[in-house]
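The following exercises concern how two parts of one chain meet. Please study the sequence and the structure before attempting each task.

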Amino acid sequence: MSNKNYIANLSYVQKRDFLNSFDLVFCDCDGVIWHNLFDPIPGASDAIAYLRAKGKQVVFVTNNSIMSTADQLKKFSKCNIIVKEHELIHPAKTISNYLKNLGFEGLILCFASSIFKQHLRENGFEVVEEKERLIDGSVLDLRNAIYNKDPIKAVIIDIDFNLTAWKLMRAQVHLKNPECLFIAGAADPRIPFGGNELLGPGAYIRLVEEANQRKAKVFGKPGAELGELLKVMFNIKDPQRVLMVGDSLKSDIIFGKNCGFQTLFVLAGNMEQSEFEALQLNKMDRPDFVIEKLSDLSNLL
């Protein structure tokens with residue numbers, strides 16, 4: 001990528017034009033505001049304060065639904081960033097909104113964290129109560145786990161650290177019914193953890209999609225359905241006046257590109273500048289702008 005796309009290399013006029021080119025910022029959290037889910041990144045709060053002082057609306061869009069909304073808001077507060085509930089978007093919230101808009105009623109089979117399921121229940125939805133089980137090799141056990149008479153009306157897949165083959169098979173069976181909704185939350189193909197890029201929920205979602213030859217409606221990044229929902233929620237008339245900020249090319253930048261937003265890639269999340277410049281990027285994962293760390297936005301002008 002040309003160095004002219006790096007915020008640090010822009011002239012004063014170019015920085016001014018960049019700052020004036022957007023009104024709404026959708027900002028990722030992990031790798032941008034904090035590292036390792038808990039450690040605040042120095043200067044991130046100053047950058048958010050600067051953007052707000054310049055009249056920008058900042059909304060945080062995360063794929064993390066393993067932590068409750070209340071706990072995430074407390075974490076922002078510890079990072080010296082005050083965030084109101086409507087300024088935090090995550091898959092459990094967007095999926096609940098989607099189901100409410102549909103007037104959905106029925107039993108949900110949900111492969112996600114306990115926090116995610118609790119959010120659904122608090123919003124009036126019925127979620128299958130299911131205990132973790134181990135299939136010991138018995139065909140009868142496998143059959144009983146997969147084939148049951150629960151009247152499932154929707155299958156939801158998000159981050160589930162206990163996802164197993166039999167769970168995916170059960171989802172596959174229920175989704176043979178074309179009237180059963182197929183919904184996904186976080187769809188990251190890979191997730192950074194412990195210094196590695198590990199298998200993300202997107203890989204499991206694709207398995208079920210391929211098995212059933214049908215696509216999930218994805219309400220986490222980089223899902224198109226999330227983009228359409230955000231455009232309605234925030235009354236976005238001109239997508240080019242929106243800036244998507246994130247540290248993942250496959251989740252944040254592709255999401256922003258698909259939505260028609262401008263994109264700003266933050267290197268400090270998980271990549272060195274030399275690594276980034278060595279990548280062979282295509283049109284859809286090549287960010288419009290690059291910055292070393294979010295704090296570099298502070299006092300841009």
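## Exercises on a domain interface

**Exercise 1.** State how many Å separate the centres of domain 1 and domain 2, and how many residues each gives to the contact.

*Solution.* Step 1: in this predicted model, the centres of domain 1 and domain 2, taken over C-alpha atoms, are 29 Å apart. Step 2: with contact meaning heavy atoms within 4.5 Å, domain 1 contributes 10 residues and domain 2 contributes 14 residues. Step 3: to place these parts on the chain, note that the domain assignment gives 7-63 + 223-297 as domain 1 and 92-218 as domain 2.

**Exercise 2.** Determine what area the two domains bury between them, and which residues of domain 1 lose the most area to domain 2.

*Solution.* Step 1: the area buried between domain 1 and domain 2 is about 910 Å². Step 2: carbon and sulfur atoms account for 54% of that area. Step 3: on the side of domain 1, the most area is lost by Asn63, Glu225 and Leu229, which together make up 47% of what that side buries.

**Exercise 3.** Describe the polar links between the domains, and then the side of domain 1 that touches domain 2.

*Solution.* Step 1: the count of salt bridges between domain 1 and domain 2 is zero. Step 2: four residue pairs are nevertheless in polar contact across the interface. Step 3: α9 (224-233) and α10 (249-259) each supply at least two residues of the side of domain 1 in question. Step 4: α9 gives the most to this side, namely five residues. Step 5: sorted by kind, the residues of this side are four nonpolar, four polar and two charged.

Terms used
Residues are numbered from 1 along each chain as its sequence is written. This is a predicted model: local features need pLDDT of at least 70, side-chain atom pairs count only at pLDDT 80 or more; totals for chains, interfaces and linings use all residues. Side-chain values use heavy atoms; hydrogens and water are left out. Domain bounds come from an automatic or database domain assignment. Buried area is the accessible area (1.4 Å probe) that two parts lose on being put together, summed over both. A salt bridge is a side-chain nitrogen of Lys or Arg within 4 Å of a carboxyl oxygen of Asp or Glu. A polar contact is a pair of N or O atoms within 3.5 Å; within protein, one must be able to donate a hydrogen and the other to accept it, and residues adjacent in sequence count only if both atoms are side-chain atoms. Helices (H or I, at least four residues) and strands (E, at least two) are DSSP runs, numbered from the N terminus. Ala, Val, Leu, Ile, Met, Phe, Trp, Tyr, Cys and Pro count as nonpolar, Asp, Glu, Lys and Arg as charged, and the others, Gly among them, as polar.
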